[in-house]
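Please examine the sequence and the three-dimensional structure shown below. The explanation that follows treats the coordination of bound metal.

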Amino acid sequence: MNIDQLDQEVKSWFPEIKDLIQENTNYKTKEKRDFRDLATEIDIAVQELIEDHIKQLPGKQVIIGEETYGQTEVDPEASHLWIVDPIDGTANFVKQKENYATMITYFSHGQAKLAYIYDVFRDELYSASLGGGVYCNGMRLDPIPDLNLRESLIGISPQHNIKRDYFYYIAENAFDIRNYGCSSLDGISVIKGQYGAFVNPGGGPWDYAPFILMAQEMGLHFSNFSNQMPDYTKPSNFIIASPACFSELESHIKSYTDTGNYSI
Ligand code: IPD
Ligand code: CA
Ligand code: CA
Ligand code: CA
């Protein structure tokens, strides 16, 4: 199967994902790390659905999925590596019934080749392929201006390990602050040129994997807070930003929080 055929195959999974998520309104919810960290039966069912599709593909398929994460070491150079967040923004899914998305990224031999963010409520599929640009429902996204901090909305994921000084620095110097409470939609806002940056002090691989490819395709900056590419098989803090915003934020985010703070 070549990469275009694989792209078509993955795109064919999303109608089924949408039905599974939207047709099941009676589901149980459990707490994971604490009362703010939720997983519903739908998160688990979507994870299983995507994994079932992946396992039918030819060759050895390696999967890192939020709801099946086993903390085992995974080779970032694997021939076929998939990173899956079945529902990103589970708290929104439960409490708002919108502003959540499904994320799937495909890596081969250390290179992100395909990435998908599906905004289920709005029925918008953002997709990217290496060298092919980023699309929303089949329409290519336009290049975006290199916005600076003063003219930009900045997305911040206000997790509990946030350093106050950093929050205030951005609040005082940016145009304003925004937060969907959903890494995928906050990150997509940078891809679309609606935010100048999105900073997240700690996420699993599934919270940032698509942005490695999408940022590259849009000429945007993506890194951890130390301006390095994270090992995408591991949790990390991350920033996706216009080059101008990153250059203004770089020295501040270095002290923001440690990469190792996030536990799953
Ligand atoms: C979370 C959301 C949240 C972000 C966290 C993520 P989940 O994902 O994207 O906005 O702040 O870093 O873990 O748990 O709802 O898939
Ligand atoms: Ca979660
Ligand atoms: Ca999730
Ligand atoms: Ca997530």
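The paragraphs below consider two calcium sites in turn, together with the elements that supply their donors. The model is predicted.

The calcium ion (ligand 3) is held by three protein donors, namely Glu66 through OE, Asp85 through OD and Ile87 through O, at distances of 2.1 to 2.3 Å. Along the chain these donors follow the spacing E-x18-D-x1-I. Two of them join distant parts of the chain: Glu66 belongs to the loop between strand E3 (62–65) and strand E4 (81–88), while Asp85 lies in strand E4, 19 residues apart from Glu66. Glu66 has a relative accessibility of 17% and therefore counts as buried, the cut-off being under 20%. Asp85, at 1%, likewise counts as buried.

Glu66 also connects this site to another metal. The calcium ion (ligand 2) lies 3.8 Å from the calcium ion (ligand 3), and Glu66 coordinates both.

Asp85 reappears in the second site. The calcium ion (ligand 4) has Asp85, Asp88 and Asp207 as its protein donors, each through OD, at 2.1 to 2.3 Å. The spacing of these donors is D-x2-D-x118-D. Here too, distant parts of the chain are linked, since Asp85 is in strand E4 whereas Asp207 is in helix H7 (residues 205–218), with their positions 122 residues apart in the numbering. Both Asp85 and Asp207 are buried. The calcium ion (ligand 4) is separated from the calcium ion (ligand 2) by 5.3 Å.

Asp85 is thus listed as a donor of the calcium ion (ligand 3) and of the calcium ion (ligand 4).

Note on methods
Residues are numbered from 1 along each chain as its sequence is written. Chains are lettered from A and ligands numbered from 1 in the order in which they are written. This is a predicted model: local features need pLDDT of at least 70, side-chain atom pairs count only at pLDDT 80 or more; totals for chains, interfaces and linings use all residues. Side-chain values use heavy atoms; hydrogens and water are left out. Donors are N, O and S atoms within 2.8 Å of the metal (3.2 Å for Na, K and Ca); water is not among the atoms, so sites may look incomplete. Helices (H or I, at least four residues) and strands (E, at least two) are DSSP runs, numbered from the N terminus. Buried means under 20% relative accessible area, exposed over 50%, partly exposed in between (1.4 Å probe, protein chains only).
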